[in-house]
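Good morning, colleagues. Please bring the sequence and the coordinates up on your screens, and I shall take you through them.

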Amino acid sequence: MQRPNVDANGGAGTWDDKEYGLSTDVVHGTVVPDAATGAILTPIFQSTTFVQDSVDQYLAKGYSYSRTGNPTVRALEHKVAFLEKGAGAACFSTGMAATVSVMTGFLKQGDHCVLTNVSYGGTNRVTRKMFQDLGISFSYVDFTDPANVEAAIQDNTKLVFSETPSNPLMTLTDLQAVSDICKSKGVLHVCDATFATPIIMRPLDFGCDLAIQSLTKFYDGHNMTVGGAVISSTPELDERVHFMQNMHGNIMAPQTAFLVLQTLKTMEVRVLRQSATAAKVAEFLEKHPKVDVVRYPGLASHPQKELADRQHRNGVHGSMLWCELKGGFDAGKGLMDTVQRPWSLCENLGSCESNLTHAASMTHGNVAREERLSVGLTDGLVRLSIGLEDPDDLIAALGKALDKL
Ligand SMILES: *Cc1c(COP(=O)(O)O)cnc(C)c1O
């Protein structure tokens, strides 16, 4: 049988370690027709509890209560683990639920965590506003140089938390280098790879112990559901994550799991198309006289281009980019107020609908200016999430709005 071979750049486009190509795996991997009915899609098991055969046979069917485990959610967990090459995965109500359960699962009072200084805002906030108060300390470190991570590891460090590409700065972490450091120090390495998706990069391939995905973003891809996943490299880690989830009660709902099981089937097609359009938009912006800087891992001007090419599959670099406009805060805000359809002004990312956000007035409006600037979140920084619209329409609308500034 001929295997599909999809690649935006025309090279050898599939992971080479599997029976089927990635395109086949995202559609069919781990999902089989329902044994009872032949239904091609996984049924929604909308049931709180599962009747047991006897006390002696308790859990023989594998399920007891839907906070602990649910067959529809389990089907998605198997699928995510398969796509990310994990030993197991746990699906959560949101991406933040996944992050919080990792931190509570592997950090206790007196422990220390090395966290990237350009993490997703919610990740940074929960460490400062909650975990620090519980007696857990954090070092916020520039992960673009793995030596900084090594230097920050202390005797009580239990977890190193990376994010690549980072939201919204698009800086990259050399995952293998950081994993090697973690391994030599006996510290767990978790990577939030939401911006990459398993279509572009699988953190476990680069020695990470755990990976986090906000399923809200590219797995869903339709602005329809919120969800998260933790992918574990060993059954023991997976068991620990599920144990935390059962205690916290932050498992994904079966309806949501059903929807994500369907939307993820087009994730490869979407990510490849969105990435190709993002590259075009980035090139357009880089040439525009009103634009100071553009950051996209596919551009030769990205300071970590060599790492991007090494770490991202087949020269595909995702749908996220940012630009810094000449004219600072007013220009950034002005673009938001001027740009027309098909662009939307809103905060989600990774979806079919392209959108843009102005960090200084929107996502990071509550962060002190000096703190924002210190990590490179400048006044005119505009983050773009590229969707599935016609690239020419997106570029034309951007051009019109930029010309009016
Ligand atoms: C959105 C996002 C999260 C949080 O996910 P939610 O589903 O919104 O809770 C975590 N990490 C990154 C990189 C994100 O973009």
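Let us begin with the open sheet of 5 strands, whose order is β8-β9-β12-β11-β10, with mixed pairing. At its edges lie β8, residues 291–295, and β10, residues 344–345, each of which pairs on one side only. I should say at once that this is a predicted model. Strands of a sheet pair through backbone hydrogen bonds, and the pairing may be parallel or antiparallel. Within this sheet, β9, residues 320–325, and β12, residues 381–385, are joined in the antiparallel sense by 5 bridges. To fix the register, take Cys-323: its bridge partner in β12 is Val-382.

From there I turn to another pair of strands. β2, residues 112–116, and β3, residues 137–141, run parallel and are joined by 5 bridges. One register point here is Thr-116, whose bridge partner in β3 is Val-141. Is β2 covered or open to the outside? It is mostly covered, with 5 of its 5 residues buried. The burial extends to both faces: His-112, Val-114 and Thr-116 are buried on one side, and Cys-113 and Leu-115 are buried on the other.

Let us return to the edge strand β10 and consider the loop between α12, residues 328–338, and β10, where Val-339 lies. Is Val-339 buried or exposed? The cut-off for buried is under 20% relative accessible area, and Val-339 has a relative accessibility of 11%, so it counts as buried. Which residues does Val-339 contact, once its neighbours within four places in sequence are left aside? They are Leu-356, Ala-397, Leu-398 and Ala-401. In addition, the C-alpha atom of Val-339 is 9.4 Å from that of Lys-404, a residue 65 places away along the chain.

That loop between α12 and β10 also holds Pro-342, and the peptide bond from Arg-341 to Pro-342 is cis, with omega near 5°. A further cis bond leads from Asn-167 to Pro-168, with omega near 0°. Pro-168 is placed in the loop between β4, residues 157–163, and α6, residues 175–185.

Most peptide bonds are trans, and most residues other than glycine have a negative phi. On the second point, I draw your attention to Leu-59, which is not a glycine and yet has a positive phi of about 70°. Leu-59 is found in the loop between α1, residues 22–28, and α2, residues 71–83, and at 40% relative accessibility it counts as partly exposed. Asn-314 likewise has a positive phi, near 55°. Asn-314 belongs to the loop between α11, residues 305–311, and β9, and is partly exposed, with a relative accessible area of 26%.

Finally, the chain as a whole. The protein chain has 14 helices and 12 strands. Its radius of gyration is 21 Å, close to the 22 Å that the globule rule gives for 405 residues, so the chain is as compact as a globular protein of that length. Along the principal axes, the C-alpha atoms fill a box of roughly 75 × 55 × 35 Å. Of the 405 residues, 56% are buried. Among contacts between residues at least 6 apart in sequence, 71% join residues at least 24 apart. The accessible surface comes to about 17000 Å², and carbon and sulfur atoms account for 53% of it. As for charge, the mean positions of the 35 positive and 45 negative charges are 3 Å apart.

Thank you for your attention.

Technical notes. Residues are numbered from 1 along each chain as its sequence is written. This is a predicted model: local features need pLDDT of at least 70, side-chain atom pairs count only at pLDDT 80 or more; totals for chains, interfaces and linings use all residues. Side-chain values use heavy atoms; hydrogens and water are left out. Helices (H or I, at least four residues) and strands (E, at least two) are DSSP runs, numbered from the N terminus. The radius of gyration is taken over C-alpha atoms; the globule rule is 2.2 Å times the number of residues to the power 0.38. Buried means under 20% relative accessible area, exposed over 50%, partly exposed in between (1.4 Å probe, protein chains only). Contact means heavy atoms within 4.5 Å. Accessible areas come from the Shrake-Rupley method with a 1.4 Å probe; for residues, only the protein chains shown count as cover. Lys and Arg count as positive and Asp and Glu as negative; His and the chain ends are not counted. The place of a charge is taken as NZ of Lys, CZ of Arg, CG of Asp or CD of Glu. Two strands pair if DSSP finds at least two bridges between them.
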